[in-house]
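Student: Got a minute to go through this one with me? I'd like to poke at a few side chains and then see how the strands fit together.

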Amino acid sequence: MKKLILACFLCALVAVMMSNRDATQPESDLTADFMTGNPEIASIDQMSFGPDGILFLGDSKNAAVYAVDTKDIQSNAEGEELRIEGFDTKVAAALGTTADQISIKEMVVNPISKKIYFGVQTADGSPVLLRIKGEGFEHVPLKEVSYSKIDLADPIAVDAKDKRDRPLRTWAISELKYHKGKVLVSGLSNKEFGSTFRSIPFPFADSQDYASLEIWHAAHGAYETHAPIKTFDIIQLDKVDHLMASYTCTPLVLFPLETLKNGEHTKGRTVAELGAGNSPLDMISYEKEGQTYFLMSNSNRPVMRIKYDDIASFKETMTEPVPVFAETEGVPYDNLPFPYVLQMDKLDATNVVYLQRASDGDLVLRTRTTKWM
């Protein structure tokens, strides 16, 4: 009996010691070089989650990428079913203002916790980071946080403008995603060929590779080097990772990632023209019944669904103009009955979350099963 009591005591002692050791364990290797303070983020233009609850923020105003340790690592297998109407009004109310004084710039789901994060810009230019809590919101601090930062090399100039006198600095970071230990960033540089794709190893050091890009734009009937990628995803074809990029007016272009080398100029393979008079907004992928699909939301068209198999089987390279306005060619797609979807992300294995402007003008945040997408 005494031996049994002693054994129980020793087990309990070991459990306490292990618990205390876990509580005092050093930070993850990924955050070992993080600092604590105010990163002075000027804008939240793009966001992407990496491992260990690390949130990457793309700041075009500062031409920098920040890695913020959210410490949001409580694992959940499924996200919450949501339908929140008057979403912009409710966000504004949480910030003590009105909907016309805010802009919801970005939405992303933490793949660990399944919590939904929003980057918001207020009328005075201040960025705010919020996440859903029930049907309300909680502020995620942007000051006195654990973070790391890297400045982009040779970004588009602060005062650069296009032919219509519109500022171009907002496209210093046009899309951002974390993939296999690297932060992938599209945008504009100050180089002769402005369209740029950057591959930045994480944890951040002094290194960043960036290649200039050239595409055949079938709707324009020309090769282009200045338009930034508006949204992208990574697709594996023949066991090689490819950048699948979509641009305004709306070419879909493939670049093998291994060809995007530092300081080199790379020409992509255009595989689809998805219609002029439109700009892509967001792109995600999901699995259903053993098949992979890509969803792309748009400014002037419904959400497009593209099958992986159709991309993989399309071996041609488009090099001829599509002269008829808004006509499409190349890889086929389906129009889903979801127009005016502004933001979307994969919520969990079987659900998508998206922000949609309804026909009556209401902004609605809702989840939907991929069974019906």
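Student: Let's start with Q356: which residue's backbone oxygen lies 2.9 Å from a polar atom of its side chain?
Tutor: That's P339. Bear in mind that we're looking at a predicted model, so the distance is computed from predicted coordinates.

Student: Fine. Is Q356 buried or exposed?
Tutor: Buried, because its relative accessible area is 14% and the cut-off for buried is under 20%.

Student: And what is Q356 in contact with, leaving aside neighbours within four places in sequence?
Tutor: There are two stretches to look at. One has F338, P339, Y340 and V341, and the other has D362, L363 and V364. P339 is also the residue whose backbone oxygen lies 2.9 Å from that side-chain polar atom.

Student: Which strand is Q356 in?
Tutor: Strand β27, which covers residues 351–357. Opposite Q356 stands V364, in β28.

Student: How many bridges pair β27 with β28, and in what sense?
Tutor: Seven bridges, antiparallel, with β28 taking residues 363–369. One of the partnerships is L355 in bridge with L365 of β28.

Student: What about the hairpin of β27 and β28, how many residues are between the strands?
Tutor: Five. Look at G361 in that hairpin: its phi is positive, near 95°.

Student: Zooming out, what is the strand order in the sheet?
Tutor: It's an open sheet of four strands, β5-β28-β27-β26, and the pairing is antiparallel. The edges are β5, at 83–84, and β26, at 341–348, each pairing on one side only.

Student: Which helix packs on that sheet?
Tutor: Helix α2, residues 87–94. Helix α2 touches β5, β27 and β28, and its direction makes about 115° with that of β28.

Student: Back to β5: how many bridges join β5 to β28?
Tutor: Two, and the strands run antiparallel. I84 stands opposite L365 there, so L365 has I84 on one strand and L355 as a bridge partner as well, and the reason it can have both is visible in the order β5-β28-β27, which puts β28 between the other two.

Student: Switching topic to charges. How many salt bridges does a search of the whole structure find?
Tutor: 13. Among them is a pair involving β5's residue range: R83 meets E85 at 3.2 Å, N to O.

Student: Are E85 and R83 buried or exposed?
Tutor: Neither, strictly: E85 is partly exposed at 42% relative accessible area, and R83 counts as partly exposed at 45%.

Student: What other salt bridges could I check?
Tutor: Try E138 with R131, 2.7 Å from N to O. R131 is buried there, with a relative accessible area of 15%. Another is D162 with R166, given as 2.7 Å. In that pair D162 is partly exposed at 23%, and R166 is partly exposed too, at 43%.

Student: Last thing, where does pLDDT stay under 50?
Tutor: Over residues 1–27, where the model has two contacts beyond four places in sequence.

Student: And what is the mean pLDDT of the chain?
Tutor: It's 93, with 92% of the residues reaching 70 or more.

Terms used:
Residues are numbered from 1 along each chain as its sequence is written. This is a predicted model: local features need pLDDT of at least 70, side-chain atom pairs count only at pLDDT 80 or more; totals for chains, interfaces and linings use all residues. Side-chain values use heavy atoms; hydrogens and water are left out. pLDDT is the predictor's confidence in each residue, from 0 to 100. Contact means heavy atoms within 4.5 Å. A salt bridge is a side-chain nitrogen of Lys or Arg within 4 Å of a carboxyl oxygen of Asp or Glu. Buried means under 20% relative accessible area, exposed over 50%, partly exposed in between (1.4 Å probe, protein chains only). Axes are lines fitted to C-alpha atoms, for helices over the stretch in contact, and angles run from 0 to 180 degrees between N-to-C directions. A polar contact is a pair of N or O atoms within 3.5 Å; within protein, one must be able to donate a hydrogen and the other to accept it, and residues adjacent in sequence count only if both atoms are side-chain atoms.
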